[in-house]
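Work through the exercises below with the sequence and the coordinates open, and try each task before reading its solution.

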Amino acid sequence: MFISVSSNYSPIKVFEVNLKSPLSGEVETLELVLYSLTVETWLSRNVRKKPTAAYRVKATGEDIAAAHWTDEMEAFYKECAATCTPVPGAGTRLTVGGKVMVALAALFILFMAFAIVKELTYNRWQKADATEEVTKAPVTGDEYHIGLPIVTYGPDGEPTSRGVNILWCRVVGTEPDGSLRLKMTEPLGANEQLDGPFAKEVGADGTFTAVFRMEAAKSSSSYPTIFFQSTGSGERLEVFFYGSVEKAKRPAK
């Protein structure tokens with residue numbers, strides 16, 4: 001990021017002294033002009049505490065470069081500078097742009113603090129409540145967002161891709177062996193069909209049987225893995241759960 005810096009010199013006091021001039025080698029009346037130095041960016045404005053100075057020959061107005069100052073000139077400058085230190089208005093102040101940046105930084109810090117507190121409190125409570133609901137034993141009427149294996153066909157009737165389509169499936173009953181009967185409650189996408197051995201397990205009415213299973217979370221920041229395992233091919237059908245009940249389960253009413 002490019003930040004422009006400007007320096008401004010403002011005269012604050014003029015002293016006269018008779019000293020040997022390094023330009024002529026003769027004693028002449030020299031003027032010592034003290035300046036306040038202001039360094040300004042779009043963020044801040046800083047007035048230096050100690051004045052800067054320049055010597056010139058009074059008779060001709062010719063400037064004397066600081067590199068040519070004699071010891072007497074240097075000593076006189078220090079003496080005069082001490083009487084004008086600190087210069088009026090010395091210090092650092094924020095410009096309008098600086099105040100805006102400070103305000104934005106403060107808002108960012110507050111936002112981050114809020115996000116951290118939210119993550120450590122509300123989000124954890126919400127996650128715990130969601131996990132408790134989704135890991136409950138299924139009952140008739142519950143719906144789960146389940147990934148079903150599918151194959152997609154192109155216009156020529158040839159398979160173009162294989163993957164998973166996440167669809168809502170409702171628990172419609174319990175089998176004598178304790179497994180659950182589920183039913184797809186929404187259709188597959190265009191040109192999609194169920195894939196693999198699992199496809200043969202799904203009836204014409206969109207029902208299939210499976211066992212509800214789960215695996216514990218691998219860390220405190222992750223979620224338990226919840227899935228249904230089909231009773232025929234043993235296909236693992238994962239529930240789409242990442243901390244939100246709404247996207248994973250619709251409890252029976």
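Two hairpins come before the other topics: strands E7 and E8 form a hairpin with 5 residues between them, and Gly-157 in its turn has a positive phi of about 85°. The model is a predicted one.

**Exercise 1. Strand pairing around E8**

Determine how strand E8 is joined to E7 and to E9, and identify a pair of opposite residues for each partner.

Solution. Begin with E7, residues 143-153, and E8, residues 159-174: these strands run antiparallel and are joined by 11 bridges. Within this pairing, His-145 stands opposite Trp-168 of E8. Next take strand E9, residues 180-184, which also runs antiparallel to E8 and is joined to it by 5 bridges; here Val-171 faces Leu-182 of E9 as the opposite residue. Finally, inspect the turn between E8 and E9, where 5 residues separate the strands of the hairpin and Gly-178 takes a positive phi near 95°.

**Exercise 2. A charge over a ring**

Find which residue lies over the face of Trp-168, and which ring has Arg-236 over its face.

Solution. For Trp-168, the residue is Arg-250, which lies over the ring face at 3.9 Å from the ring centre. For Arg-236, the ring is that of Phe-227, with a distance of 4.0 Å from the ring centre.

**Exercise 3. Classifying aromatic pairs**

Classify the geometry of the pair Trp-69 and Tyr-77, and then that of Tyr-223 and Phe-241.

Solution. A pair of aromatic rings is described by the distance of the centres and the angle of the planes. The search of the whole structure finds 9 aromatic pairs. In one of them, the ring centres of Trp-69 and Tyr-77 are 5.7 Å apart and the planes stand at 55°, so this pair is tilted. Trp-69 has a relative accessible area of 16% and is therefore buried, and Tyr-77, with 10%, is buried as well. For Tyr-223 and Phe-241 the centre-to-centre distance is 5.6 Å and the angle between the planes is 70°, which gives an edge-to-face pair. This pair links distant parts of the chain, 18 residues apart: Tyr-223 belongs to the loop between strands E11 (207-215) and E12 (225-230), and Phe-241 to the loop between strands E13 (236-238) and E14 (249-250). As for exposure, Tyr-223 is partly exposed with a relative accessible area of 27%, whereas Phe-241 counts as buried at 3%. To complete the picture around Trp-69, note that Tyr-55, Trp-69 and Tyr-77 form one aromatic cluster.

**Exercise 4. Salt bridges and a network**

Decide which residues are linked with Asp-142 in a network of salt bridges, and state for Asp-142 and Lys-249 whether each is buried or exposed.

Solution. Side chains of opposite charge can pair when their charged atoms come close. The structure holds 11 salt bridges. One of them joins Lys-58 and Glu-16 at 2.7 Å from N to O, and it links distant parts of the chain, with Lys-58 in the loop between strands E4 (52-57) and E5 (63-64) and Glu-16 in strand E1 (residues 6-20), 42 residues apart. Both partners lie in the intermediate class, since Lys-58 counts as partly exposed at 42% relative accessibility and Glu-16 is partly exposed at 45%.

Now turn to the network, in which Asp-142 is linked with Glu-133, Lys-136 and Lys-249. Lys-136 forms a salt bridge with Glu-133, the closest N and O atoms being 3.3 Å apart; Lys-136 counts as partly exposed at 41%, while Glu-133 counts as buried at 17%. The side chains of Asp-142 and Lys-249 meet in a salt bridge of 3.7 Å, N to O. Asp-142 lies in the loop between helix H3 (122-134) and E7, and Lys-249 lies in strand E14, so this pair ties together parts that are 107 residues apart in sequence. Asp-142 is buried, with a relative accessible area of 3%, and Lys-249 is buried, with a relative accessible area of 3%.

**Exercise 5. A nonpolar surface patch**

Establish which residues form the nonpolar patch on the surface, and where Val-96 is placed.

Solution. The patch is formed by Trp-42, Val-96, Val-100, Met-101, Leu-104, Leu-107 and Leu-110, which together have about 690 Å² of accessible area. Val-96 is placed in helix H2, residues 96-120. With a relative accessible area of 66%, Val-96 is above the 50% cut-off and therefore exposed.

Terms used:
Residues numbered from 1 in each chain as written. Predicted model: local features only at pLDDT ≥ 70, side-chain atom pairs only at ≥ 80, totals over all residues. Heavy atoms only, no water. Pairing = 2+ DSSP bridges. Helix = DSSP H or I, 4+ residues; strand = E, 2+ residues; numbered from the N terminus. Patch = residues over 30% accessible without salt bridge, like charges linked within 9 Å, V, L, I, M, F, W, Y side chains within 5 Å. Areas by Shrake-Rupley, 256 points an atom, 1.4 Å probe, with all protein chains shown as cover. Salt bridge = Lys/Arg side-chain N within 4 Å of Asp/Glu carboxyl O. Buried < 20%, exposed > 50% of the residue type's maximum accessible area, 1.4 Å probe, protein only. Phe/Tyr/Trp six-rings, centres within 6.5 Å; stacked < 30°, edge-to-face > 60°. Lys NZ or Arg CZ within 6 Å of the ring centre and 35° of its normal.
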